[in-house]
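These are my notebook entries on a single structure. I record what I looked up, entry by entry.

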Amino acid sequence: MNAEALLSGIRDADAHRGGVSCLRLFRLERALGLALREEVDRLCEAEPSSDVQEREHVTHWTRPSGAVRQFSLWNRSGDFADFSEDHDLSCRGKAFHHAQRYPRLAAFVGSFQQAINFRVNWLGPGAGLAPHEEHSLFISQAGTPAVRARFHLPLRTSRGARMMLAGALYRFSPRTLYYFNQGCVHGADNPGDMPRVHLVWDQLLTAAAFAQMFGNAPAPDGLQRLPEAARPVRVLGRVTVGAYARLAPRVTPMEAQQVAFSPVQ
């Protein structure tokens, strides 16, 4: 998929006009997948997290149910419970501060171009996020309409755990890295009896980030790029989406027609 097709596809899905909602992008080598899972398991046991059920949490508006925890990995403070910069639309000055304790995770997190945030999203048994709508498009500091691209990497899941995008139900597999268009109405649930653990992050869709994630630039270490024919994600079924929480769009329909790569900011 070339840049123009991807940008217009993300824009159209954000406006509920079909487009690009979900893609499989990479497969992780087994050794890397196991190492990340082991380190994230230790991190979830040992480190502080933020509680999405707390009313002041930046994600509480998604109407969480059950135990929903977040560990913020990519910020300026180094505090895993600090979500204050997760959505400031800036990649500058942020880092993973705990490489000595979690070396493979540090290398992985640091390998992605222009990351805005990087989080461990932990859904306990029976937990979920109700349907809600964010937006992928924003106005950059240069005044141009641009994209924040979201990615999911499941580390622990179950056959019952599902993701919903625009009424389509998906099952995300461990060791597979997905593009996930948060501009679609979406939600998640974990009806299983074990936690569902994903790495989730947003990147400014700069020209460099496009080449790394969707194009033909070298893949990060331990990742195998999937061919374009293998990128569509199988739909398990469909549900009717009723009332849902919604954030106001940052970009008008007219501005969205000019969507382009983001500058670094």
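**Entry 1: R175.** I looked up the accessibility of R175 in this predicted model. Its relative accessibility is 25%, so I list R175 as partly exposed, the class between under 20% (buried) and over 50% (exposed). R175 lies in the loop that runs between β10 (168-170) and β11 (176-180). I noted that phi of R175 is near 65 degrees, a positive value in a residue other than glycine. Most residues other than glycine have a negative phi.

**Entry 2: H16.** I then turned to H16, where phi is near 65 degrees, again a positive value in a non-glycine residue. I found H16 in the loop between α1 (3-14) and β1 (22-28). Is H16 buried or exposed? I entered H16 as partly exposed because its relative accessibility is 44%.

**Entry 3: β1.** From the loop of H16 I moved on to β1 (22-28). Five of its seven residues are buried, so I describe β1 as largely enclosed by the rest of the structure. Which strands pair with β1? I recorded β11 as an antiparallel partner, joined to β1 over five bridges. In that pairing L23 stands opposite Y179 of β11. I also recorded an antiparallel pairing of β1 with β14 (residues 223-225), over three bridges. Here Q224 in β14 is the bridge partner of R27.

**Entry 4: nonpolar cores.** I looked up the largest nonpolar core and found 47 residues in it. Those touching the most other members are L73, L105, F108, L199 and F214. I followed L73 further: leaving aside residues up to four places away in sequence, L73 touches L43, F80, A95, F96, L105, V109, F118, R119, V120 and L199. A second core, separate and of 17 residues, has L165, A168, Y170 and V233 among its members.

**Entry 5: the largest pocket.** What space lies in the largest pocket? I noted a value of about 510 Å³. The lining comprises 31 residues, and the closest to the pocket centre are T59, H87, R119, E134 and R150. I listed the elements that give two or more residues to this lining: β4 (68-72), β5 (115-123), β6 (128-133), β8 (145-156), β12 (186-189) and β13 (196-204). By residue class, I entered the lining as 14 nonpolar, 10 polar and seven charged. As a cross-reference, R119 appears both among the contacts of L73 and among the residues closest to the pocket centre.

Note on methods. Residues numbered from 1 in each chain as written. Predicted model: local features only at pLDDT ≥ 70, side-chain atom pairs only at ≥ 80, totals over all residues. Heavy atoms only, no water. 1 Å grid on protein atoms, 1.4 Å probe; cavity = no way out; pocket = protein on both sides within 12 Å on 5 of 7 lines; lining within 4 Å. Points joined across faces, edges and corners; volume = space filled by probe spheres on them. Helix = DSSP H or I, 4+ residues; strand = E, 2+ residues; numbered from the N terminus. Nonpolar A, V, L, I, M, F, W, Y, C, P; charged D, E, K, R; others polar. Core = buried A, V, L, I, M, F, W, Y, C linked by side-chain atoms within 4.5 Å. Buried < 20%, exposed > 50% of the residue type's maximum accessible area, 1.4 Å probe, protein only. Contact = heavy atoms within 4.5 Å. Pairing = 2+ DSSP bridges.
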